[in-house]
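I opened the notebook to record how the sheet and its helices are arranged, and then to look up backbone angles that stand out.

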Amino acid sequence: MNNQWDNRFQINDYLFGKEANEFIKYCYENFQLKTGDALAIAEGEGRNAVFVAQKGINVTTWDYSEVGLEKTRELAKENGVVVKAEHVDLNDAPWKENQWDQIFCVFGHFPKQLRESTLANIKKALKPGGYFITEVYSVHQLPYQSGGPKDASLLYTPEEFISQFNDWRTIHFFMGEVMRDEGSHNGLSHVIQLAVQKPTL
């Protein structure tokens, strides 16, 4: 069954381009994220997953769009890597405790209740010492006209991340303006960036 993301991804080109998000690039080039199993949620057409797989990391993507998943597989093949692309609705996602070394999410915007449950499940699903990395649009994004939801309820506040991960090691936290040139995410944007590490046992 088609959904809005199937329809948006049903174009010849890649909606957000083929290059990884700048913050994902920064994290995987500067932090200790060189091995293990990574999960990308709401990963769309796979640009970030392919970049991470090129670092020698085993990458699984979850997305609700079959069209996006097929384009993920095509992009992985084009770049000579393997990405395990799985059709998953985050409302019914198969989260398991202590499963992943890294979880990342780029511009994954969900209703508030799903946002809260997803962040809680990320905490559960990361192994001790694992990393969660995300860049999303903040509640201040609406006037910028450079991408993202037009519904403020789908945008993030810094308090959501601070309250959820206040007991984890914060490696990077930023809220403010950045320039983005990532397909339809284009221009000056207002984002929240977070990189945190789960405490070791």
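**Helices on the sheet**

I began with helix α2 (residues 22-30), which in this predicted model lies across β1, β4, β5, β6 and β7 (185-197) and runs at about 150 degrees to β5. I then turned to helix α4 (residues 66-78), which packs on the sheet and touches β2 (58-63) and β3, its direction making about 175 degrees with that of β3.

**The sheet itself**

I traced the strand order next and found an open sheet of seven strands, β3-β2-β1-β4-β5-β7-β6, with mixed pairing. Its edges are β3 (83-87) and β6 (169-182), each of which pairs on one side only. Ignoring direction, I noted that neighbouring strands of this sheet are turned by 15 degrees against each other on average.

I looked more closely at β1 and β4 (residues 100-106), which run parallel and are joined by three bridges. Here A40 stands opposite F104 in β4.

**Positive phi angles**

I went on to A42, which is not a glycine and yet has a positive phi of about 50 degrees. I placed A42 in the loop between β1 (37-41) and α3 (47-53), and its relative accessible area of 27% makes A42 partly exposed.

Which phi did I find at Q145? Q145 is likewise not a glycine, and its phi is positive at about 60 degrees. Q145 belongs to the loop between β5 (126-137) and α6 (158-165). I entered Q145 as exposed because its relative accessibility is 60%, where the cut-off for exposed is over 50%.

How values were computed: Residues numbered from 1 in each chain as written. Predicted model: local features only at pLDDT ≥ 70, side-chain atom pairs only at ≥ 80, totals over all residues. Heavy atoms only, no water. Helix = DSSP H or I, 4+ residues; strand = E, 2+ residues; numbered from the N terminus. Buried < 20%, exposed > 50% of the residue type's maximum accessible area, 1.4 Å probe, protein only. Pairing = 2+ DSSP bridges. Axes fitted to C-alpha atoms, helices over the stretch in contact; angles between N-to-C directions. Contact = heavy atoms within 4.5 Å.
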